[in-house]
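Biologist: Please take a close look at one part of this model, strand by strand and residue by residue, and state the cut-off behind each term as you use it.

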Amino acid sequence: MNLLPNYLPNGICLNVLANSVQNAIDCYDAAEGHVVLGVLTKNYPSDEAAIEDMRKYQAEIDNAVSVGLGAGDPNQSSMVVRVSKAIQPQHVNQVFTGVGASREALGQSKTIINGLVSPTGRVGFVNLATGPLSSQTPATEVAIETAIALLKDMGGSSIKFFPMKGLAHIDEYKEVARACAANDFDLEPTGGIDLENFEEIVQIAVDAGVKRIIPHVYSSIIDKATGDTRPEDVAKLYEIIKKF
């Protein structure tokens with residue numbers, strides 16, 4: 001079972017949500033396998049239910065599962081740790097304070113674990129207070145280089161910069177991308193990304209020299225009637241990332 005996402009040679013892999021196993025298969029095929037499919041722990045009543053269902057996904061999409069929190073919900077952090085330990089996915093979404101526990105639980109260094117940090121309104125600084133308790137306290141603003149070093153200390157793989165609100169924090173995002181490139185760290189831009197701004201957001205990370213990029217495109221490509229991610233939109237995103 002492959003524990004690493006299937007990046008394109010340019011180091012880019014998509015991250016989109018899956019509403020069902022069939023939806024995951026359709027989106028996986030649309031991106032020719034260069035995607036991880038987000039399955040949210042928040043949607044399950046228990047660890048056992050999540051583990052049982054996610055194993056069905058794994059079997060159909062070559063383990064291209066991204067264990068999700070659910071809109072960055074810090075209260076899902078511990079469940080993500082437990083579920084990830086059981087299923088050993090390719091990708092794990094975590095709040096900043098949950099990264100170390102996730103790596104320890106996984107017991108291996110290959111699975112990609114992101115650490116959620118948030119914009120602050122100050123270029124070069126990010127908010128680390130994204131955990132279950134810390135998110136209820138005043139922001140903890142540190143230099144992006146410090147955040148990267150702390151995540152490396154904890155066994156993290158990438159910065160999840162969320163919520164970006166599309167291009168609302170573009171200057172902050174450019175500095176995050178520069179720092180990730182300078183410190184050989186992965187980047188996952190997340191929040192408010194759609195078919196219109198997607199290419200510009202990825203281009204910024206590519207131009208900065210980030211080696212591995214996993215852009216998250218969620219609600220903007222979900223069919224509101226069915227809850228499914230539209231495979232035709234995933235195909236459009238895939239055509240874009242192939243250009244880099």
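Modeller: Four bridges join strand β2 (residues 35–40) to strand β3, and these two strands run parallel; β3 itself covers residues 65–68. Helices and strands here are DSSP runs numbered from the N terminus, with H or I over at least four residues for a helix and E over at least two for a strand, and two strands pair if DSSP finds at least two bridges between them. This is a predicted model, in which local features need pLDDT of at least 70 and side-chain atom pairs count only at pLDDT 80 or more, whereas totals for chains, interfaces and linings use all residues. Residues are numbered from 1 along each chain as its sequence is written, and side-chain values use heavy atoms, with hydrogens and water left out.

β3 also pairs with strand β4 (residues 91–95), to which it is joined by two bridges, again in a parallel arrangement. V67 of β3 takes part in both pairings, being the bridge partner of V39 and also the bridge partner of V92 in β4.

The connections on both sides of β3 are crossovers through a helix. β2, helix α2 and β3 make a right-handed β-α-β unit, and so do β3, helix α3 (residues 77–87) and β4; right-handed means that, with the strands pointing away from the viewer, the path from the first strand over the helix to the second runs clockwise.

In a regular strand the side chains alternate between the two faces of the sheet. In β3, V65 and V67 point one way while S66 and G68 point the other way, and all of them are buried, a term that means under 20% relative accessible area, with exposed meaning over 50% and partly exposed lying in between (1.4 Å probe, protein chains only). V67 counts as buried because its relative accessibility is 0%.

The surroundings of V67 draw on the neighbouring strands and on both helices. Leaving aside residues up to four places away in sequence, V67 touches V39, T41, M54, V80, V83, S84, I87, P89, H91, V92 and N93, where contact means heavy atoms within 4.5 Å. One of these residues, S84, is 17 residues from V67 along the chain, yet the C-alpha atoms of the two are separated by 6.8 Å.

V83 also appears among the contacts of D47, a residue of helix α2 (residues 47–60). Apart from residues up to four places away in sequence, D47 touches M79, R82 and V83, and D47 is classed as buried because its relative accessible area is 17%.

The two loops that flank β3 each hold a backbone feature that deserves a separate look. Most residues other than glycine have a negative phi. N63, in the loop between α2 and β3, has a positive phi, near 65°, although this residue is not glycine. A71, in the loop between β3 and α3, likewise has a positive phi without being glycine, here near 55°. In accessibility the two stand on opposite sides of the cut-offs: N63 is buried because its relative accessible area is 1%, whereas A71 counts as exposed because its relative accessibility is 72%.
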